[in-house]
Amino acid sequence: MADDLQGFASTRRGIEPGRAFFFERHVGAVSAPLRLAYRPRHPEKSVLHRVVRENLETMLAEARERSEHGFGYPRFVEKAFRGYIECGCLPRGFVRLKCRNCGFERLLAFSCKSRICPSCHARRMHDVAYHLVDHVLPRVPYRQWVVTFPRRIRFLLARDRELLGRVLGLYVRTLFAWQRRAARRDGYPRVLPGAVSFVQNFGSALNLNLHIHSLFMDGVFVDEGPERELVFLEQLAPSQEEVEALCLSVARRVTALIESKGE
């Protein structure tokens, strides 16, 4: 793909501010003009970028004043916001790519890879989705399930990641048990359900709203022994009564788990 691959960096860690460093495969590749059809993106012109850029120092200063120890937000929070301000900005560094076949050229700015960055987060989601579709998930129907929690439990799970993992396991096993019971009623005692889950920590307003998105197979694989091929058994959609019963079962198990920890 890349015929010319070279980077440009300035005002980055370990490099004197205002001083440019070039890494070129071919001499002059960085300074050569791009094709007229190329239009780079400008994240610094977005509303979100402007809000963060203009208010970050104020937010950090107020956090230091409010905190008892005077440190403010954890260091990783400040690092994420500062990284976002530099993400996708060509003056902060880039790689130049050129296609051998068509000659198309592009400047690829360095990214922050932070979870608060919409561009980096979207790219990470796309990479995971492509991997799941191409290499993990079988070609069967799926159904999305979403579980959310009351505010007090939501804050507790956000603070205790080990407890969050146990709650996630309870929730998934509850739905798996429901699918197995439905399969046994149809005369299939040995089946294999499957699901993939993602924890989302925020809501649409960027508020702390921890909830779980899960993609469950809309059925199960029938296991008839090592010598027989797995056959997918599609199951009926859950009724409203079944959804309410599952919700109640998950609520009872999660409550019992949290009470056993003394929370």
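User: At what angle do the axes of helix α4 (residues 151–159) and helix α5 (residues 161–185) cross?
Analyst: In this predicted model, the two axes come within 5 Å; helices (H or I, at least four residues) and strands (E, at least two) are DSSP runs, numbered from the N terminus. Axes are lines fitted to C-alpha atoms, for helices over the stretch in contact, and angles run from 0 to 180 degrees between N-to-C directions. For α4 and α5, the crossing comes out at roughly 115 degrees.

User: How do the residues of that contact of α4 with α5 divide by class?
Analyst: On the α4 side you've got Leu156, Leu157, Ala158 and Arg159, and on the α5 side Arg161, Leu163, Leu164 and Val167 (contact means heavy atoms within 4.5 Å). Ala, Val, Leu, Ile, Met, Phe, Trp, Tyr, Cys and Pro count as nonpolar, Asp, Glu, Lys and Arg as charged, and the others, Gly among them, as polar. That makes 6 nonpolar, no polar and 2 charged.

User: What kind of model is this?
Analyst: Residues are numbered from 1 along each chain as its sequence is written, and side-chain values use heavy atoms, with hydrogens and water left out. Local features need pLDDT of at least 70, side-chain atom pairs count only at pLDDT 80 or more, and totals for chains, interfaces and linings use all residues; the model is predicted.

User: How much of the protein chain counts as buried?
Analyst: The chain has 263 residues, with a secondary structure of 6 helices and 10 strands. Buried means under 20% relative accessible area, exposed over 50%, and partly exposed in between (1.4 Å probe, protein chains only). By that yardstick, the buried share is 32%.

User: What share of the contacts with a separation of 6 or more links residues 24 or more positions apart?
Analyst: This one looks at contacts in the protein chain, leaving out pairs with a separation below 6. Residues 24 or more positions apart account for 59%.

User: Which element gives the largest share of the lining of the largest pocket?
Analyst: The largest pocket has a volume of about 1600 Å³ and is lined by 39 residues, with Arg115, Ile116, His121, Asn201 and Phe202 nearest its centre. On a 1 Å grid over the protein atoms alone, a pocket is an open set of points with protein on both sides within 12 Å along at least five of seven lines, a cavity is a set where a 1.4 Å probe fits but cannot get out, and lining residues have an atom within 4 Å of a point; points are joined across faces, edges and corners, and a volume is the space filled by probe spheres set on them. Two or more lining residues each come from α1 (47–66), α2 (75–86), α3 (118–136), β7 (195–202) and β8 (208–217). The top contributor, with 9 residues, is α3.

User: And how does the lining of the largest pocket divide by class?
Analyst: The same three classes apply here: nonpolar, polar and charged. The count is 28 nonpolar, 8 polar and 3 charged.

User: What is the volume of the largest cavity?
Analyst: Searching the whole structure turns up 1 cavity of 30 Å³ or more. Arg143, Trp145, Trp178, Gln179, Phe216, Met217, Asp218 and Pro238 line the largest cavity, and β5 (142–148), α5 and β8 each give two or more of its lining residues. By class, that lining has 5 nonpolar, 1 polar and 2 charged residues. The volume of the largest cavity is about 40 Å³.

User: Is glutamine 179 buried or exposed?
Analyst: Glutamine 179 is found in helix α5. Setting aside residues up to four places away in sequence, glutamine 179 touches Pro193, Phe216, Met217, Gly219, Val220 and Gln235. At 3% relative accessibility, glutamine 179 counts as buried.

User: Which residues does glycine 219 contact, leaving aside neighbours within four places in sequence?
Analyst: Glycine 219 lies in strand β9 (residues 219–222) and counts as buried, at 0% relative accessibility. Its C-alpha atom sits 9.9 Å from that of phenylalanine 176, 43 residues away along the chain. The contacts of glycine 219 are Gln179, Phe232, Leu233, Glu234 and Gln235.

User: What is the phi of lysine 113?
Analyst: Most residues other than glycine have a negative phi. Lysine 113 is found in the loop between β4 (105–109) and α3, and is exposed, with a relative accessible area of 58%. Although lysine 113 is not a glycine, its phi is positive, at about 60 degrees.

User: How far apart are the C-alpha atoms of phenylalanine 94 and leucine 107?
Analyst: Phenylalanine 94 lies in strand β3 (residues 94–98) and counts as buried, at 8% relative accessibility. Phenylalanine 94 and leucine 107 are 13 residues apart in sequence, and their C-alpha separation is 6.3 Å.
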